[in-house]
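Q: Could we go through this structure together, one feature at a time?

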Amino acid sequence: MYSTIAIEGSQFGDEGKGKITDYLANKADIVCRYQGGNNAGHTVEVNGIKHALRSLPSGCFVSGVVNVIANGVVINPFALLEEIDENFHGHENDLKLLISDRAHLILPYHIALDEAIENNLGDNKIGTTHRGIGPCYSDKALRLGIRVGDLLDKDYLLSRLKTVLPVKNKELIALGKDPIIIDDLYASLLAAAERLKPHITDTSVYLNAAIDDGKKIVFEGAQGSLLDLDHGTYPFVTSSSPTSISIPLNTGIAPQKINRVVAIMKSYMTRVGEGPMPSEQNNEWGNTIREKGHEYGVVTKRPRRVGYLDLVLVGYTCKITGVTDLAITLFDVLENVSDLKICIAYKLDGKVITNLPASASDYARCVPIYKSFKTIPEFDKTKIKVFSDLPVEAQEYLSFIADTLHARISILSLGPDRSETVVFNEVI
Ligand code: IMP
């Protein structure tokens, strides 16, 4: 048995993963980000101070923890340095950070292309974060990517820029954007390389040795399973796979080395950007939850779309990603909320279905079928030590989720601070 766990968002991202990962990081030796880039927005609250993390793993505020950014992540080197400055100004040595030499770099042309493609899509836009994520992963697949390890070799870096930029500049000009000047980009990359150099290594070698040594490792996904490029609500998805099943590829470890899979699940649904969301409540109910749960994007500040918990969607991701444990977040938001429901099936063209249609057009026609629950009364969070301490209405809501998903509720989050987390089962 290995001391490794995967943490994944089981919805559309923003499930409160940062807080749970930060909590688990206190028990871990290593926290490893395995996909996505600075499109993620993890909020970690430590001693009442909120930190907004984008590319840095959530263990970076826990002393002694080594934070790994693995090969499956895409890294904007300038944004990463800004994030380090914001969070570790004057004490950068406190940050133990390793960055994979195989991770791909998000460069200024990726950001310009992300914006230009979205603008050209008009009403059919994806609603991306405009951080250059899609164009960067596309270049990886096109073999036009520039990788973190390339920063270590000045001559090779220049030759890669000379190969790639003519193609990118043609695309930029065709889409109405200014071309990139090679000398400017090269100079700024060399400056960034100087600061990033001490962190760059082969993280796969490091992780495999750490697993063999019995080190406790938390693999942290960004976004959520329903934004998975293969299994999510395509095309309204991100450009990577934020699920436990992508960890081996994205970190360079074998699949059997992941011991438990913890799904972080909000007590209701939220989504940012476009795409289907059958249980969306664009009404007073949704507004109440948005305000109580502070449902605004960490990175983009966009108001999030809000809906009832949808167990058709979450059931699908839990099944394909092998979820063993649930960490339920923002449960306090549901206190005193009337008209509480969970979506348990859809009606599609007159037929009841409990699976996820592949086509966004079928999806848009799904009408949710709900089960109603009693209002959860206000309760003293400090008194909750075991499941049966919860009000009976809360127990009913949570037990229904656990039974439907065939997973145990191991962690319940009742507020933003580290101390407001109840653990029913240890997962690492
Ligand atoms: P991209 O990842 O910026 O390409 O955006 C693709 C889709 O994923 C859009 O709908 C974004 O709103 C969504 N997305 C990306 N990152 C996050 C996140 O951290 N939380 C929630 N949604 C996200």
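Q: What is the volume of the second largest pocket?
A: The second largest pocket has a volume of about 320 Å³. A pocket is an open set of points on a 1 Å grid over the protein atoms alone, where a 1.4 Å probe fits, with protein on both sides within 12 Å along at least five of seven lines. Grid points are joined across faces, edges and corners, and the volume is the space filled by probe spheres set on the points.

Q: Which residues are closest to its centre?
A: Of the 14 lining residues, Leu311, Gly315, Tyr316, Lys319 and Thr354 are the closest to the centre. A lining residue has an atom within 4 Å of a point.

Q: Which helix gives the most to that lining?
A: Helix H10 does, with seven residues. H10 (311–321) and H12 (392–405) are the elements that give two or more residues. Helices are DSSP runs (H or I, at least four residues) and strands are E runs of at least two, numbered from the N terminus.

Q: Is this model predicted, and what is left out?
A: The model is predicted: local features need pLDDT of at least 70, side-chain atom pairs count only at pLDDT 80 or more, and totals for chains, interfaces and linings use all residues. Residues are numbered from 1 along each chain as its sequence is written, and side-chain values use heavy atoms, with hydrogens and water left out.

Q: Now the ligand. How many residues surround it?
A: The ligand is surrounded by 16 residues, and the closest are Asp14, Asn39, Thr129, Thr238 and Arg302. A residue counts if one of its heavy atoms lies within 4 Å of the ligand.

Q: What polar contacts does an oxygen atom of the ligand have with threonine 129 and arginine 302?
A: A polar side-chain atom of threonine 129 lies 2.5 Å from a ligand oxygen atom. For arginine 302, a side-chain N or O atom is 3.2 Å from an oxygen atom of the ligand. A polar contact here is a pair of N or O atoms within 3.5 Å.

Q: Where is proline 235?
A: Proline 235 lies in the loop between strand S10 (217–220) and helix H8 (247–251). The peptide bond from tyrosine 234 to proline 235 is cis, with omega near 5°.

Note on methods
A polar contact is a pair of N or O atoms within 3.5 Å; within protein, one must be able to donate a hydrogen and the other to accept it, and residues adjacent in sequence count only if both atoms are side-chain atoms.
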